[in-house]
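Let's take a walk through this structure together, starting with the whole chain and ending at a single residue. Have the 3D view open as you read.

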Amino acid sequence: GTGKALAMTVDCNSKYVFANPEKGAMIAVAEAARNIVCSGGEPIGVTNCLNFGNPYDPEVYFQFVKAVEGMGAACRKFNTPVTGGNVSFYNQNPDGPVYPTPTIGMVGIVEDMKNRMTLDFKKEGDVIVLLGEQRNDIGSSEYLNKLKGVTHSQVPYFDLDEEFNLQQLVAQLIKDGKVNSAHDISEGGLIVTLLESAFFNNKGFEVSSNGSLLRKDAYWVGEAQSRVVVSTDAANVAAIEAEASKYGIKTTVLGKVTATDVIVEGENWGAISAWKNNYDTAIEKQLAK
């Protein structure tokens with residue numbers, strides 16, 4: 001009967017932590033907080049599960065120390081004390097240790113269920129707006145790793161203060177009722193975020209890079225942090241842009257929500273239902289090989 005709700009998430013990208021233990025752990029905390037904020041909640045606390053190899057290996061111990069330092073810095077920034085957790089060492093085999101994996105579990109409070117937000121596009125014609133700046137960065141991305149076979153690369157772009165400002169902006173826009181959906185960009189980059197936002201209601205989208213000079217792969221599948229995709233009524237776009245400027249956050253109108261088809265840079269990629277089927281059946285198809 002309080003009208004309140006809990007929001008919970010678990011996050012960590014071990015590739016990022018391997019590339020840069022301090023920044024990678026910061027990103028794990030930041031992404032967890034970003035997920036809470038995008039659901040309409042306020043992050044309030046963290047638990048963790050820190051998974052590493054043999055701490056007597058200097059490289060592993062370095063990873064552990066820097067990951068804890070990064071986690072601590074991010075938790076202080078987002079005011080999310082670590083209330084508990086555990087450390088698991090010696091996670092390795094003859095081929096070497098696991099990637100350093102400081103998994104973050106975060107809880108938040110949605111003060112008023114009327115402000116609860118979801119990631120799915122709601123209706124045809126809504127304008128799709130990117131909050132945050134696109135970067136010429138494909139470091140540690142799924143694209144670079146899985147499609148190009150590059151297993152070692154730099155951590156994606158991340159700035160803690162920029163991330164904090166973005167989250168404050170998103171929280172304010174949700175509270176003011178200016179957005180109809182909000183979904184953060186993480187693994188897979190912008191195009192995966194758009195597809196995931198379209199799946200639930202089988203809505204399509206029409207988007208373009210607006211003549212950006214960034215390389216195409218960085219624009220669509222790069223995993224630079226501190227970006228959120230929102231959808232909104234056309235009448236709210238100017239207000240969103242004005243609010244974003246107060247926080248020093250760049251905005252880009254990407255396009256609009258459509259009835260069924262996915263259209264990228266003027267090219268029709270087919271119905272969203274086909275993409276959703278590929279997404280939903282990917283694991284079973286892999287196991288059937």
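Residues 24 or more positions apart make up 85% of the contacts in the protein chain, counting those with a separation of 6 or more. Keep in mind that what you're looking at is a predicted model.

What is the chain built from? You'll find ten helices and 13 strands in it. Its radius of gyration is 19 Å, close to the 19 Å that the globule rule gives for 289 residues, so the chain is as compact as a globular protein of that length. If you'd like a feel for the dimensions, the C-alpha trace spans about 60 × 50 × 40 Å along its principal axes.

Now for inside and outside. Out of 289 residues in the protein chain, 48% count as buried. The accessible surface adds up to about 13,600 Å², and 53% of that belongs to carbon and sulfur atoms. As for charges, the protein chain has 26 positive and 35 negative ones, and the mean positions of the two sets are 3 Å apart.

Time to zoom in on one spot: T193. You can find T193 in helix α6, which covers residues 189-199. Is T193 buried or exposed? With a relative accessible area of 2%, T193 is buried, because that value falls under the 20% cut-off. And which residues does T193 touch, leaving aside those up to four places away in sequence? They are H183, D184, I185, S186 and V229. Try picking out T193 in the view, then look for V229, one of the residues that T193 touches.

Terms used: Residues are numbered from 1 along each chain as its sequence is written. This is a predicted model: local features need pLDDT of at least 70, side-chain atom pairs count only at pLDDT 80 or more; totals for chains, interfaces and linings use all residues. Side-chain values use heavy atoms; hydrogens and water are left out. Helices (H or I, at least four residues) and strands (E, at least two) are DSSP runs, numbered from the N terminus. Buried means under 20% relative accessible area, exposed over 50%, partly exposed in between (1.4 Å probe, protein chains only). Contact means heavy atoms within 4.5 Å. The radius of gyration is taken over C-alpha atoms; the globule rule is 2.2 Å times the number of residues to the power 0.38. Accessible areas come from the Shrake-Rupley method with a 1.4 Å probe; for residues, only the protein chains shown count as cover. Lys and Arg count as positive and Asp and Glu as negative; His and the chain ends are not counted. The place of a charge is taken as NZ of Lys, CZ of Arg, CG of Asp or CD of Glu.
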